[in-house]
Amino acid sequence: KMAVNAWTPLHEPIFIDIEVGVFCSLLQIPRIPRKVSFEEIPFTHSNFESMIPRRREQHAAGRFCLRSVINKAEINCVDISENYPLTIQTKTGIKPISISHCDSIAVAVLGLNCNSIGVDIESNERIISTAILNQFCSTKEIDELMNSSPVERLEIWMIKEAVSKAIGDGMSIAKEIEIVGDNAYYDTSIFRVIRHEYKGHNIVIVIDYSDSSMDI
């Protein structure tokens, strides 16, 4: 039986300057999954074995990005939460993190000075159908979006996705997330929306400074 090489990233992680206290890392994902061992990937969840090969590559790239932002922030990570919203336990308290990927790029973010953080990445060619709009938008939003551009629809979807990750409840809360300009509102939380572009992909990061319910 031939030895299988350990998983390695396709390149060094790419860091994007967001703002002070927010660390963001990107990594390309191979289009075709490789026959490699994933044993060395940090912070891998227990259900990893049941993933299809392509999903494993995406998961591994996301976790590698996470390790790279932790190193970049020069913090000592003790543990990662198994539950959502994702957080890491450090020697100086709990810090919020978020991971996302599309088919070809993974991204991870870490917030040092905020209560929660969420990220989403999509190809700017992705089309959000009316059927998807009905699932995650309020009636008022759907009316406003019916005549909007594909870019506007995609951005609304991404902001809701990022907020749902930051909250930890998934897209079941999407209709309750209200977006006004550069802010998104859910319950008592106010998220600031940060938009970034990278090689034909849109990245949305949301940061919550308003809710002090996090365990520090």
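**Helices, backbone exceptions and spatial separations in the predicted model**

Helix α1 has 20 residues, which should span 28 Å at 1.5 Å a residue; the end C-alpha atoms of α1 are 29 Å apart, in agreement with that expectation. The structure analysed here is a predicted model. Helix α1 covers residues 53-72, and the loop between α1 and β3 contains E74. E74 follows α1 and has a positive phi, near 55°. This sign occurs although E74 is not a glycine. With a relative accessibility of 74%, E74 counts as exposed, because the threshold for that class is over 50%.

Helix α4 comprises residues 150-167, 18 residues in total, and extends 26 Å from its first C-alpha to its last, close to the expected 26 Å at 1.5 Å a residue. Several residues of α4 are buried, including R153, L154, I156, W157, M158 and I159. The buried set of α4 also includes charged side chains, among them K160 and E161. A162, V163, S164 and A166 are likewise buried in α4. G168 follows α4 and has a positive phi, near 100°.

At the level of the whole chain, the protein contains four helices and 11 strands. For its 216 residues, a compact globule would have a radius of gyration near 17 Å, and the value for the protein, 17 Å, agrees with this. The C-alpha trace spans about 60 × 40 × 30 Å along the principal axes. Of the 216 residues, 50% are buried. The exposed area of the protein is about 11,400 Å², of which carbon and sulfur atoms supply 49%. When contacts between residues at least 6 apart in sequence are considered, 54% join residues at least 24 apart. The side chains include 21 positive and 29 negative ones, and the centres of these two sets lie 7 Å apart.

The backbone also shows exceptions to common geometry. Most residues other than glycine have a negative phi, and most peptide bonds are trans. Besides E74, whose phi is about 55°, K199 has a positive phi of about 45° and is not a glycine. K199 is located in the loop between β10 (189-198) and β11 (201-208). The relative accessible area of K199 is 62%, so K199 is exposed. The peptide bond from Y84 to P85 is cis, with omega near 0°. P85 belongs to the loop that runs between β3 (77-80) and β4 (87-90).

The loop between β3 and β4 also contains N83. N83 has 57% relative accessibility and therefore counts as exposed. The C-alpha atoms of N83 and G168 are separated by 8.2 Å, although the two residues are 85 residues apart along the chain. In this pair, G168 is the residue that follows α4.

Further C-alpha separations involve the strands and the segment before β1. E12 lies in the segment before β1 (14-19), and its relative accessibility of 66% places E12 among exposed residues. E12 and S25 are 13 residues apart along the chain, and their C-alpha atoms are separated by 9.9 Å. In strand β2, which covers residues 22-28, F23 is one of the residues. F23 and D79 are 56 residues apart in sequence, with a C-alpha to C-alpha distance of 18 Å.

The contacts of F23, leaving out residues up to four places away in sequence, are V69, K72, A73, A108, V109, L110 and L112. Among these partners, V69 and K72 fall within the residue range of α1. A108, V109 and L110 fall within the range of strand β6, residues 105-111.

Strand β6 also contains G111. With 0% relative accessibility, G111 counts as buried, because residues under 20% are assigned to that class. Outside the residues up to four places away in sequence, G111 touches G21, K95, P96 and I117. The C-alpha atoms of G111 and C137 are separated by 27 Å, and these residues are 26 residues apart along the chain.

Note on methods
Residues are numbered from 1 along each chain as its sequence is written. This is a predicted model: local features need pLDDT of at least 70, side-chain atom pairs count only at pLDDT 80 or more; totals for chains, interfaces and linings use all residues. Side-chain values use heavy atoms; hydrogens and water are left out. Helices (H or I, at least four residues) and strands (E, at least two) are DSSP runs, numbered from the N terminus. The radius of gyration is taken over C-alpha atoms; the globule rule is 2.2 Å times the number of residues to the power 0.38. Buried means under 20% relative accessible area, exposed over 50%, partly exposed in between (1.4 Å probe, protein chains only). Contact means heavy atoms within 4.5 Å. Accessible areas come from the Shrake-Rupley method with a 1.4 Å probe; for residues, only the protein chains shown count as cover. The place of a charge is taken as NZ of Lys, CZ of Arg, CG of Asp or CD of Glu. The expected span of a helix is 1.5 Å times one less than its number of residues.
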